[in-house]
Amino acid sequence: MRRARRTNRELASTYPDAHCELDFTTPLELLIATVLSAQTTDKRVNLTTPELFARYPDAAAYAAADREDLEDILRPTGFFRAKAQSVIGIGQALVERYDGQVPRSLDDLVTLPGVGRKTANVVLGNAFGVPGLTVDTHFGRLVRRLGWTTEEDPVKVETEVGELIEKREWTMLSHRLIFHGRRVCFARRPACGACTIAQLCPSSGVGETDPVVAAGMVKTD
Ligand code: SF4
């Protein structure tokens with residue numbers, strides 16, 4: 001636990017501006033953007049959402065959306081038919097059951113079409129200020145490399161990491177780990193030689209250890 005908390009503090013120094021990389025201004029926008037982010041990048045989603053949010057300003061608009069129009073807008077994000085189905089379903093569920101508002105509880109959020117725990121925790125943490133651990137592919141890979149868990153199942157990962165890290169840190173820890181996974185601790189060949197938490201990481205050395213080569217691998221944007 002002490003090592004995990006120290007690692008979180010080091011990551012906080014490394015990424016003082018860690019944040020949700022999806023663009024949004026309301027809980028509904030974040031919910032929709034997070035659903036669209038499956039199997040694609042946040043940057044790709046951010047290119048698509050300005051038009052989407054302008055055309056569909058509220059839950060009722062998604063509920064009444066023409067499927068083909070919506071699919072055309074969502075096409076660049078991939079899996080656009082399934083995503084359009086989810087987005088229309090979310091609009092309908094919000095109108096029918098939640099007065100058009102995004103609910104503030106995990107139990108309610110996961111009843112919405114296409115919304116799992118990861119998406120629910122993104123919305124809770126970033127739109128409502130409720131601490132949440134966002135176990136995506138980066139988060140899972142990093143906490144296993146860091147030796148915080150051996151679990152593969154996201155719910156078990158969430159539970160084990162939740163026992164190590166203070167609840168108030170959960171949302172920011174998620175951002176920091178995801179930032180680190182995108183910029184340094186890559187899936188295939190992590191840049192261990194340029195990693196600020198290498199001394200706290202039992203997997204240090206699984207990737208590139210030469211400091212100069214590793215520094216050249218780090219993504220900076
Ligand atoms: S030392 Fe290597 S494996 Fe460990 S967190 Fe850093 S980049 Fe990832």
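1. In this predicted model, Arg 168 and Glu 166 form a salt bridge whose closest N and O atoms are 4.0 Å apart. That value sits right at the cut-off, since a salt bridge requires the nitrogen within 4 Å of a carboxyl oxygen. Arg 168 counts as exposed, with a relative accessibility of 65%.

2. The Arg 168 pair belongs to a wider set of contacts: the structure holds twelve salt bridges. One of them joins the side chains of Glu 21 and Arg 183, at 2.9 Å from N to O. Glu 21 lies in the loop between helix H1 (2-14) and helix H2 (27-36), and Arg 183 lies in helix H11 (residues 170-183), so this salt bridge ties together parts that are 162 residues apart in sequence.

3. Are the two partners of that bridge buried or exposed? Glu 21 has a relative accessibility of 21% and counts as partly exposed. Arg 183 is buried, at 10% relative accessible area. The limit between the two classes is 20%, so Glu 21, at 21%, is classed as partly exposed.

4. The Glu 21 and Arg 183 pair is also part of a network. Salt bridges link Glu 21, Asp 42, Arg 182 and Arg 183. Two of these names, Asp 42 and Arg 182, return in the description of the largest pocket, where they are among the residues nearest its centre.

5. A further salt bridge is formed by Arg 117 and Glu 158, with 2.7 Å between the closest N and O atoms. This pair links distant parts of the chain, with Arg 117 in helix H8 (residues 117-127) and Glu 158 in helix H10 (residues 154-164), 41 residues apart. Arg 117 is partly exposed at 32% relative accessibility, while Glu 158 is buried, with a relative accessible area of 15%.

6. Which residues surround the ligand? The shell consists of Arg 145, His 180, Cys 185, Pro 190, Cys 192, Cys 195, Ile 197, Ala 198, Cys 201, Ser 204 and Val 206. By class, this shell has eight nonpolar residues, two polar and one charged. Arg counts as charged, so the charged member of the shell is Arg 145.

7. The ligand takes up the space of the largest cavity. The structure holds one cavity of 30 Å³ or more, and the volume of the largest cavity is about 130 Å³. Its lining has 16 residues, with His 180, Cys 185, Cys 192, Cys 195 and Cys 201 nearest the centre. These five residues also appear in the shell around the ligand.

8. The lining of the largest cavity divides into twelve nonpolar residues, three polar and one charged. Cys is counted as nonpolar in this scheme, so the four cysteines nearest the cavity centre fall in the nonpolar class. A reader who would class Cys otherwise should keep that in mind when using the counts for the cavity lining.

9. The largest pocket holds about 680 Å³ of space. It is lined by 29 residues, and those nearest its centre are Asp 42, Asp 136, His 138, Ile 178 and Arg 182. Helix H3 (42-55), H8, helix H9 (137-145) and H11 each give two or more residues to the lining. H11 provides the largest share, six residues. By class, the lining of this pocket comprises seven nonpolar, 13 polar and nine charged residues.

10. The second largest pocket contains about 180 Å³ of space. Its lining has 13 residues, and Thr 34, Val 35, Ala 38, Gly 114 and Thr 119 lie nearest its centre. At least two lining residues come from each of H2, helix H6 (80-97) and H8, and H6 gives the largest share with three residues. The lining divides into four nonpolar residues, seven polar and two charged.

11. Thr 34, one of the residues nearest the centre of the second largest pocket, is placed in helix H2. Is Thr 34 buried or exposed? Thr 34 is buried, with a relative accessible area of 4%. The C-alpha atoms of Thr 34 and Leu 173 are separated by 18 Å, and the two residues are 139 residues apart along the chain.

Methods: Residues numbered from 1 in each chain as written. Predicted model: local features only at pLDDT ≥ 70, side-chain atom pairs only at ≥ 80, totals over all residues. Heavy atoms only, no water. Near = heavy atom within 4 Å. 1 Å grid on protein atoms, 1.4 Å probe; cavity = no way out; pocket = protein on both sides within 12 Å on 5 of 7 lines; lining within 4 Å. Sits in = over half its atoms within 2 Å of the grid points. Helix = DSSP H or I, 4+ residues; strand = E, 2+ residues; numbered from the N terminus. Buried < 20%, exposed > 50% of the residue type's maximum accessible area, 1.4 Å probe, protein only. Points joined across faces, edges and corners; volume = space filled by probe spheres on them.
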